[in-house]
Amino acid sequence: MRWSSWLPVMLFAGAAAMAAPVRAQAETLPEFHLVLQNHQFAPATLKVPANTKFKVLVTNRNTTPSEFESADFNREKIVLPNSTITVFVGPLGKGTYKFFDDFNQTTTGELVVE
Ligand SMILES: [Cu+2]
């Protein structure tokens, strides 16, 4: 390969090296837990810190699949029965952000970011 052909490879390697600390940091993000049970979120209101990236672990204890979804913070992920998903959220500004189960839309909750 000519030098010019290697350049994108080197840029990619550099980007991957820079991404490594970010990946390590992701493991230490604050985490918050939500449980889907009897087609309700518990808790239905989750307080989370503003301007911080965090994880929400959603466990489905119903016998049917759910889809954890939010238009307010733009996430959508299926949660099978008896399983837990991890959703990375934020950083968000202060406010209230609604979420719901897209497979059972009367099941709702909110993040209160403060
Ligand atoms: Cu959906």
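**Figure 1. Phe 68 and Leu 111 touch the most other members of the largest nonpolar core.** This core holds 21 residues in the predicted model. Six strands each supply at least two of its residues: β1 (31-37), β3 (45-48), β4 (54-60), β7 (83-89), β8 (95-101) and β9 (104-113). Leu 111 has contacts well beyond its sequence neighbours, with residues up to four places away not counted. Leu 111 touches Leu 46, Val 48, Phe 54 and Phe 73. Val 89, Leu 92, Gly 95, Thr 96, Tyr 97 and Phe 99 are also in contact with Leu 111.

**Figure 2. Four acidic side chains hold the copper ion.** The protein donors are Glu 67 (OE), Glu 69 (OE), Glu 76 (OE) and Asp 102 (OD). They lie 1.9 to 2.2 Å from the ion. Along the chain, the donors follow the spacing E-x1-E-x6-E-x25-D. Glu 67 and Asp 102 link distant parts of the chain, 35 residues apart. Glu 67 belongs to strand β5 (residues 66-70), while Asp 102 sits in the loop between β8 and β9.

**Figure 3. The copper site is irregular in geometry.** The angles among the four donor atoms run from 91 to 153°. Why is the site not classed as tetrahedral? A tetrahedral site needs all angles between 85 and 135 degrees, and the range here reaches 153°, so the site counts as irregular. For reference, the ideal angle for four tetrahedral donors is 109.5 degrees.

**Figure 4. Is each of two copper donors, Glu 67 and Asp 102, buried or partly exposed?** Glu 67 has a relative accessibility of 9%. That is under the 20% cut-off, so Glu 67 counts as buried. Asp 102 has a relative accessible area of 24% and is partly exposed.

**Figure 5. Five strands form an open sheet with mixed pairing.** The strand order is β3-β9-β8-β5-β6. β3 and β6 (75-79) are the edge strands, and each pairs on one side only. From one strand to the next, the twist averages 20°. Within this sheet, β5 and β8 pair in the antiparallel sense over two bridges. Here Phe 68 stands opposite Asp 101 in β8. Phe 68 is also one of the two residues that touch the most other members of the largest nonpolar core.

**Figure 6. Phe 32 of strand β1 is buried.** Its relative accessible area is 18%. This lies under the 20% limit, so Phe 32 counts as buried. Neighbours within four places in sequence are left aside in the contacts that follow. Phe 32 is in contact with Leu 46, Lys 47, Val 48 and Pro 49. Phe 54, Lys 55, Val 56 and Leu 57 are in contact with Phe 32 as well. Phe 32 and Leu 46 are 14 residues apart along the chain, and their C-alpha atoms are separated by 7.9 Å.

**Figure 7. Strand β4 is largely enclosed by the rest of the structure.** Seven of its seven residues are buried, which is why the strand counts as enclosed. Both faces are covered. Phe 54, Val 56, Val 58 and Asn 60 are buried on one side. Lys 55, Leu 57 and Thr 59 are buried on the other.

**Figure 8. β4 pairs with both β1 and β7.** β1 and β4 pair in the parallel sense over six bridges. In β4, Lys 55 is the bridge partner of Glu 31. β4 and β7 run antiparallel and are joined by seven bridges. Leu 57 stands opposite Thr 86 in β7.

Terms used. Residues numbered from 1 in each chain as written. Predicted model: local features only at pLDDT ≥ 70, side-chain atom pairs only at ≥ 80, totals over all residues. Heavy atoms only, no water. Core = buried A, V, L, I, M, F, W, Y, C linked by side-chain atoms within 4.5 Å. Buried < 20%, exposed > 50% of the residue type's maximum accessible area, 1.4 Å probe, protein only. Helix = DSSP H or I, 4+ residues; strand = E, 2+ residues; numbered from the N terminus. Contact = heavy atoms within 4.5 Å. Donors = N, O, S within 2.8 Å, 3.2 Å for Na, K, Ca; no water. Tetrahedral: all angles 85-135°; square planar, octahedral: opposite > 155°, others 65-115°. Pairing = 2+ DSSP bridges. Axes fitted to C-alpha atoms, helices over the stretch in contact; angles between N-to-C directions.
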